[in-house]
Amino acid sequence: MNPSLSVRSLQSFLSRADWKLLLFLVMFLNVKLAVKFAALVLIFLLQRDWRSGLSSLRSGPGIFYMSMAGIALLDMFIFRNYLDTRFTVATGVGMVFWFTSLAAFFQLTIFTRKLSPAAISHTFLVFFILNSLVSFGQLFLIMIETGTLNPYQYQGDFQKYFINTGDHIKGVTFDTSTTNAAINAFGIVYFFFKRNYNLVFLCMCTLLLTASNLVNILLFPVLVALFIFHAGRNQKSILVASLLLMVVFLGKVSPQNTKYLQENVERFLGVTKKPAPGPGILSLRDTPDSLLGRQQRMQKIALLRLDSMHVTQLPAAKTTPLILSMETSKPLLPMDDIHSPPFQQKDDTTSERERIWMFMNQHHISPEADVTVPGKLLAFRQTAVFLREMPKHLLTGTGTGNFSSKLAFRATGFSISGGYPASLSFVHPYFLENHLSLYLNYFGSRERHHSVVHNPFSVYDQVVAEYGLAGLCALLFLYLGFYARRFAALSYGKYIVFLLAAFFLFDYWFEQLSIVVLFELMILLNLKETQADAGSH
């Protein structure tokens with residue numbers, strides 16, 4: 001192949017993408033807030049035709065973002081939170097998040113008005129290829145570090161990777177692996193409708209690398225629906241092949257994820273047996289004395305004493321004899337088996353767990369006795385009970401950062417969901433008594449409880465608890481309602497709307513400033529395409 005011809009082909013391929021839009025997507029979806037803000041400043045400087053974006057301010061999503069900021073401000077004055085500087089600052093930070101989302105939507109509206117559907121589609125193509133290249137590059141670095149072709153079954157380094165390998169596949173955003181998985185789920189649906197099956201497989205492979213059981217579960221019914229309603233014979237084979245990729249990955253590449261998924265589904269459905277009652281969610285051996293009562297401390301001393309007596313009575317460990325090779329006459333030292341118990345993941349008291357226990361002790365949070373019930377269900381139950389007992393917060397909520405949000409976790413100064421100035425950090429009593437205590441109980445427990453099933457993160461929970469019925473109505477009628485009213489005009493957008501609505505159950509996506517932006521651009525593009533098709537007829 002002629003190298004110069006290949007270079008010209010690559011240049012031609014890349015030139016069809018809009019580089020302003022691509023740069024904005026790569027920068028704004030980056031995990032760092034500073035990079036997101038820089039992306040907005042840069043794009044407002046580069047794209048000064050602001051008049052074409054004014055329509056976004058009158059649309060459902062635009063009014064929704066402004067309404068949420070307005071509710072936060074109103075709530076601060078209703079409950080006089082402005083008397084405390086920390087609450088005032090937190091309200092301001094929450095409003096900045098909403099206006100940042102509005103500014104991004106404003107720019108996306110300009111892009112979709114100015115660019116042709118072909119240019120936006122090709123920009124998507126380059127973005128998803130770039131994201132996959134970065135994801136596979138991250139896997140390659142892990143393979144080099146572990147010295148194995150399949151780190152998903154590598155149990156060395158105390159299982160640093162193994163079942164957790166997917167957590168390190170973050171893609172071009174360098175955000176969480178769940179974010180990467182959600183982005184690729186959108187890509188699978190989008191490229192399926194575009195009949196670009198190479199990209200369907202590429203996005204599926206990248207999604208599988210993240211080992212996100214949650215996204216796999218939510219994507220499965222979408223693929224089934226596509227198979228039934230939108231697939232011809234050839235397209236059905238593509239969907240079947242995609243599902244087979246998922247089965248092969250779970251069965252051969254990362255079989256431990258299948259077991260983990262089964263356990264979490266059973267736990268979520270409440271079909272697992274409860275363990276025998278114990279001293280709490282933390283075993284006596286692991287629990288600091290400061291978190292134990294007098295009787296429990298005595299039990300811990302007795303257990304440790306019995307353990308030490310048992311060890312002294314064990315027979316001496318057999319040593320592996322030195323093996324001599326008859327050919328070389330040199331001693332061959334036996335190699336350690338990385339799959340042996342000394343190399344397995346330790347469930348010791350880590351510094352992070354000690355930090356959580358210390359925080360719990362400082363704030364008088366008592367360990368709960370049962371962590372078998374899914375924490376996310378308990379979180380929704382907490383919110384319902386709280387609003388029933390505190391009806392004054394039913395209309396406008398508790399205020400931003402006061403009950404259930406990324407900001408509420410940040411404001412603790414505990415470095416959960418990002419940093420926060422120590423001088424302005426605070427823990428609202430409502431948050432402390434409900435979602436924060438719940439989170440710390442699960443994530444201060446054994447590592448098997450550190451799951452999305454147990455965290456209280458949810459857009460719906462956030463909106464209901466911190467913005468009340470006013471916020472919930474704004475979300476349902478202004479934001480989701482905007483897309484629902486245009487549902488008939490959407491093609492791939494229908495399935496992307498379903499995915500986003502489902503993803504809202506599992507994280508604070510508006511504050512994440514990531515997949516929502518990609519979702520909005522895809523929907524705006526889909527609406528423009530269908531309008532163009534209607535005009536051509």
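**Cores, surface and loops of a predicted model**

Of the 107 residues in the largest nonpolar core, Tyr 479 and Phe 504 touch the most other members. A nonpolar core is a set of buried Ala, Val, Leu, Ile, Met, Phe, Trp, Tyr and Cys residues joined through side-chain atoms within 4.5 Å; buried means under 20% relative accessible area, exposed over 50%, and partly exposed in between (1.4 Å probe, protein chains only). Helix 22 gives the most to this core, with eleven residues. Helices (H or I, at least four residues) and strands (E, at least two) are DSSP runs, numbered from the N terminus. A second, separate core of 21 residues includes Met 360, Leu 378, Phe 409 and Phe 443.

The structure is a predicted model, in which local features need pLDDT of at least 70 and side-chain atom pairs count only at pLDDT 80 or more, while totals for chains, interfaces and linings use all residues. Residues are numbered from 1 along each chain as its sequence is written, and side-chain values use heavy atoms, with hydrogens and water left out.

The protein chain as a whole comes to 22 helices and two strands. Of its 537 residues, 48% are buried. Contact means heavy atoms within 4.5 Å; among contacts between residues at least 6 apart in sequence, 74% join residues at least 24 apart. The chain exposes about 26,100 Å², and carbon and sulfur atoms supply 65% of this area. Accessible areas come from the Shrake-Rupley method with a 1.4 Å probe, and for residues only the protein chains shown count as cover.

Phe 504 may now be considered with its surroundings. Leaving aside neighbours within four places in sequence, Phe 504 is in contact with nine residues named here in full: Ser 458, Val 459, Tyr 460, Leu 475, Tyr 479, Leu 480, Trp 509, Phe 510 and Val 516.

Helix 22 (residues 515–536) also holds Glu 520. This residue is buried yet has no salt bridge, and the nearest side chain of opposite charge, Lys 36, is 12 Å away. A salt bridge is a side-chain nitrogen of Lys or Arg within 4 Å of a carboxyl oxygen of Asp or Glu; Lys and Arg count as positive and Asp and Glu as negative, whereas His and the chain ends are not counted. Not counting residues up to four places away in sequence, Glu 520 touches Tyr 65, Phe 105, Leu 108, Tyr 479 and Tyr 483.

Another buried position is Ile 188, in helix 9, which has a relative accessible area of 1%. Ile 188 and Leu 199 are eleven residues apart in sequence and 7.4 Å apart in space, C-alpha to C-alpha. Beyond four places in sequence, Ile 188 is in contact with Val 200, Cys 203, Met 204, Leu 207, Leu 219 and Leu 223.

Two loop residues have a positive phi although neither is a glycine: Phe 174, at about 55°, and Ala 211, at about 50°. Phe 174 is found between helix 8 (156–159) and helix 9 (177–193), and counts as partly exposed because its relative accessibility is 45%. Ala 211 lies between helix 10 (197–209) and helix 11 (213–229); with a relative accessible area of 13%, Ala 211 is buried.

On the surface, Phe 220, Val 224, Phe 227, Ile 228, Phe 229, Val 240 and Leu 244 make a nonpolar patch of about 650 Å². Helix 11 and helix 12 (233–253) each give two or more residues to this patch, and the largest share, five residues, comes from helix 11. Patches are made of residues with over 30% relative accessible area and no salt bridge, with like charges joined within 9 Å and nonpolar side chains (Val, Leu, Ile, Met, Phe, Trp, Tyr) within 5 Å.
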